[in-house]
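Here are some exercises to work through with the structure open beside you. Try each task before you read its solution.

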Amino acid sequence: MTSLLLAVPLVLAAPIPKDFQRPTLEGTWVFVSATSSGRPDALYDGAKWVLEKDGKATRHVGGDAGSAAGYKADPKAKTFDWTVSGTTWTGIYELKGDTLKVALGLESRPTEFAGPSVYVFTMKKAK
């Protein structure tokens with residue numbers, strides 16, 4: 001037991017390898033599915049978001065050439081805010097490998113990936 005207690009600080013203090021990369025939201029995300037209040041939303045078929053490092057984004061929905069948007073993500077709290085056309089939608093997100101799931105609400109921040117007045121988007125990162 002004592003040797004375990006001595007080893008824990010050494011493991012925690014070990015440097016992070018230089019080739020280690022934290023998962024990032026930057027990149028192009030292609031919609032796999034979209035729901036509004038639990039119902040499929042075909043408007044997002046073939047849609048994509050392009051998220052940049054500085055919080056700028058481009059939204060491509062319904063064959064448009066892309067409209068300016070913005071986002072703010074907090075990796076610790078797993079919150080995600082999306083601003084488009086002067087309106088901010090607040091939400092939460094989950095990132096697992098190359099799959100990003102976002103739940104957004106206009107009236108209040110969702111606490112789960114479902115519910116009335118909640119949009120849920122599931123996307124895959126483009127290679």
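A residue is called buried under 20% relative accessible area, exposed over 50%, and partly exposed in between, using a 1.4 Å probe and protein chains only. The model is predicted, so local features need pLDDT of at least 70 and side-chain atom pairs count only at pLDDT 80 or more, while totals for chains, interfaces and linings use all residues. Residues are numbered from 1 along each chain as its sequence is written, and side-chain values use heavy atoms, with hydrogens and water left out.

**Exercise 1. The overall layout**

Task: Work out which pattern of helices and strands the chain follows along the sequence, and how much of the chain counts as buried.

Solution. Start with the elements, taken as DSSP runs numbered from the N terminus (helices: H or I, at least four residues; strands: E, at least two). The chain has 1 helix and 9 strands, and their order in sequence is α-β-β-β-β-β-β-β-β-β. Next, turn to burial: 30% of the 127 residues count as buried. The accessible surface, computed by the Shrake-Rupley method with a 1.4 Å probe, is about 8,400 Å² for the chain, and carbon and sulfur atoms hold 58% of that. Finally, look at contacts, meaning heavy atoms within 4.5 Å. Of those between residues at least 6 apart in sequence, 33% join residues at least 24 apart.

**Exercise 2. The nonpolar core**

Task: Find which residues touch the most other members of the largest nonpolar core.

Solution. A nonpolar core is a set of buried Ala, Val, Leu, Ile, Met, Phe, Trp, Tyr and Cys residues joined through side-chain atoms within 4.5 Å. The largest one has 22 residues, and Trp49, Leu51, Phe80 and Trp82 touch the most other members. The elements giving two or more residues to this core include strand 1 (27–36), strand 3 (48–51), strand 6 (79–84) and strand 9 (118–125). Now follow Leu51: beyond its neighbours within four places in sequence, its contacts include Trp29, Lys56, Tyr71, Phe80, Trp82 and Leu100.

**Exercise 3. One partner of Leu51**

Task: Decide whether Lys56 is buried or exposed.

Solution. Lys56 lies in strand 4 (residues 56–60). Lys56 counts as exposed because its relative accessibility is 51%. Leaving out residues up to four places away in sequence, Lys56 touches Val50, Leu51, Ala69 and Tyr71. The C-alpha atoms of Lys56 and Trp82 are 10.0 Å apart, with the two positions 26 residues apart in sequence numbering.

**Exercise 4. A pocket**

Task: List which residues line the second largest pocket.

Solution. On a 1 Å grid over the protein atoms alone, a pocket is an open set of points where a 1.4 Å probe fits, with protein on both sides within 12 Å along at least five of seven lines; lining residues have an atom within 4 Å of a point. The lining consists of Tyr44, Trp49, Arg59, Trp82, Val84, Trp89, Leu104, Tyr119 and Phe121. Strand 6 and strand 9 each supply at least two of these residues. The pocket's volume is about 160 Å³.

**Exercise 5. Two positive phi angles**

Task: Locate Lys78 and Ser117, then state how accessible they are.

Solution. As background, most residues other than glycine have a negative phi. Lys78, in the loop between strand 5 and strand 6, has a positive phi of about 60°. Ser117 has a positive phi near 60° and sits in the loop between strand 8 and strand 9. Lys78 is partly exposed, at 37% relative accessible area, and Ser117 is partly exposed, also at 37%.

**Exercise 6. Two threonines**

Task: Determine whether Thr79 and Thr122 are buried or exposed.

Solution. Thr79 belongs to strand 6, and at 19% relative accessibility Thr79 counts as buried. Its contacts, leaving aside neighbours within four places in sequence, include Lys72, Asp74, Ile92 and Arg109. Thr122 belongs to strand 9, and Thr122 is buried because its relative accessibility is 19%. Beyond four places in sequence, Thr122 touches residues including Val30, Val32, Thr99 and Lys101.

Conventions
Grid points are joined across faces, edges and corners, and a volume is the space filled by probe spheres set on the points.
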